[in-house]
Amino acid sequence: MANSFENYQRRKLISSYFSVVLSIALVLFLLGILGLLVLNTKKMADRSKEQITISVFLKENTKEIEIEQLQKTLAMSEYTKSSTYVSKEEAAEQHSEDIGEDFVDYLGYNPLKNSIDVKLNADFVTAEKVQEIAETLSEKSFVDEVSYDKVLVSMVAKSVEQIGFWILVASAIFTFIAVLLINSSIRLSIYSKRFIIKTMQMVGATKTFIRRPFIWQNIKLGMIGAAIALLAIGGVVYYVNTNFQDLGLFDEPYILVILFVSVFLLGILISFISTYFATQRFLNLRTDELYY
């Protein structure tokens, strides 16, 4: 009979520990994925901005030395990510591929112009800065026209700001929910031991002495849950990086290190705080209040 009761208690204890670890792992996994998104928001936003191109169209009589000087000027400019010279023959060939027919043969001449395509650094992709750059380039005597998609520039800049704001809001809300969920799981596990806590207190044990084993036990569970979450996050990161290499998740390893360390420490911190206040609550209850 005694063995059956001990086995029952052991299974109940294991089940309680398992539910705490699973809760911590799931919450930290979701929180880690959101953290990964937050940490890479600027990188993804910068990549989007750096796809915007300013096309500098040159006049027909532009000399080769003027083109070289302009390319050198662009290369030394802080706003330039990259610049590419596109001859009118190359432009015609690309345009013919896009439309599916050779328009040069149809027209009898090539109406396109030589140009330099300039991609900007992300920090300079705002409506005001791009317009200022375009006006500066237009002042050169051999430049015929400077063209870029004004609507796209404004839309990208506005979208990036909105996305960044809502991601931060979502992160704050989800972090709060995560703390509540982990706290609830730990409180439920301690609730089942409330009579043991009160009995220890009644025989003279100090609050610190009573709290210590509960805190240490739940910190260990938090570490296990965090380790499981990190393994899952690592699998997701590897899968995403393998199938979407343009995101460059491994380009800046320190971001992943910060994320993994933060998730692990968060698991420990939330476990410690939740256990401390949960045990404190039962330590402060009167004996008759333990039944409610």
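**Figure 1. Tyr276 and its aromatic neighbours.** In this predicted model, Tyr276 is partly exposed, with a relative accessible area of 30%. Phe277 has a relative accessibility of 54%, so this residue counts as exposed. The structure holds three aromatic pairs. One of them joins Tyr276 to Phe277 in an edge-to-face arrangement, with 5.4 Å from centre to centre and 85 degrees between the planes. Look for Phe272 here too: together with Tyr276 and Phe277, Phe272 forms one aromatic cluster.

**Figure 2. The surroundings of Arg211 in helix H9.** Arg211 belongs to H9, the helix that spans residues 207–243. Is this arginine buried or exposed? Its relative accessible area is 10%, and because the cut-off for a buried residue is under 20%, Arg211 counts as buried. Which residues does Arg211 contact once its neighbours within four places in sequence are left aside? They are Tyr276, Thr279, Gln280 and Leu283. Tyr276 will be familiar from the first view, where this residue is a member of the aromatic cluster with Phe272 and Phe277.

**Figure 3. Helices H9 and H10 side by side.** The axes of H9 and H10 come within 8 Å and cross at roughly 150 degrees. That angle makes H9 roughly antiparallel to H10, because angles over 145 degrees fall into that class. The handedness of this crossing is right-handed. Sorted by class, the residues of the contact between H9 and H10 comprise 18 nonpolar, nine polar and two charged.

**Figure 4. Helix H8 meeting helix H10.** Here H8 (residues 194–202) and H10 (residues 253–284) bring their axes within 9 Å of each other, crossing at roughly 60 degrees. H8 is therefore oblique to H10. As H8 passes H10, the crossing is right-handed. Which residues make the contact? From H8 come Arg194, Ile197, Lys198 and Gln201, and from H10 come Thr279, Phe282 and Leu283. By class, the residues of this contact divide into three nonpolar, two polar and two charged. Thr279 and Leu283 also appear in the second view, among the residues in contact with Arg211.

**Figure 5. Leu120 in strand E3.** Leu120 sits in E3, a strand made of residues 115–120. With a relative accessible area of 1%, Leu120 is buried. What does this leucine touch, not counting residues up to four places away in sequence? Its contacts are Glu50, Ile52, Ile54, Tyr79, Lys81, Val125, Val130 and Ile133. Lys81 deserves a second look: Leu120 and Lys81 are 39 residues apart along the chain, yet their C-alpha atoms are separated by 4.8 Å.

**Figure 6. Placing the close-ups in the whole protein.** To help you find your way between the views, here is the overall picture. The protein has ten helices and four strands, and along the sequence they follow the pattern α-α-β-α-β-α-α-β-α-β-α-α-α-α. Of its 292 residues, 36% are buried; Arg211 and Leu120 are two examples. Among contacts between residues at least 6 apart in sequence, 83% join residues at least 24 apart. The pair Leu120 and Lys81, in contact in the previous view, is separated by 39 residues along the chain.

Terms used
Residues numbered from 1 in each chain as written. Predicted model: local features only at pLDDT ≥ 70, side-chain atom pairs only at ≥ 80, totals over all residues. Heavy atoms only, no water. Axes fitted to C-alpha atoms, helices over the stretch in contact; angles between N-to-C directions. Helix = DSSP H or I, 4+ residues; strand = E, 2+ residues; numbered from the N terminus. Parallel < 35°, antiparallel > 145°, perpendicular 65-115°, else oblique. Left-handed = near helix turned anticlockwise from the far one by under 90°. Contact = heavy atoms within 4.5 Å. Nonpolar A, V, L, I, M, F, W, Y, C, P; charged D, E, K, R; others polar. Buried < 20%, exposed > 50% of the residue type's maximum accessible area, 1.4 Å probe, protein only. Phe/Tyr/Trp six-rings, centres within 6.5 Å; stacked < 30°, edge-to-face > 60°.
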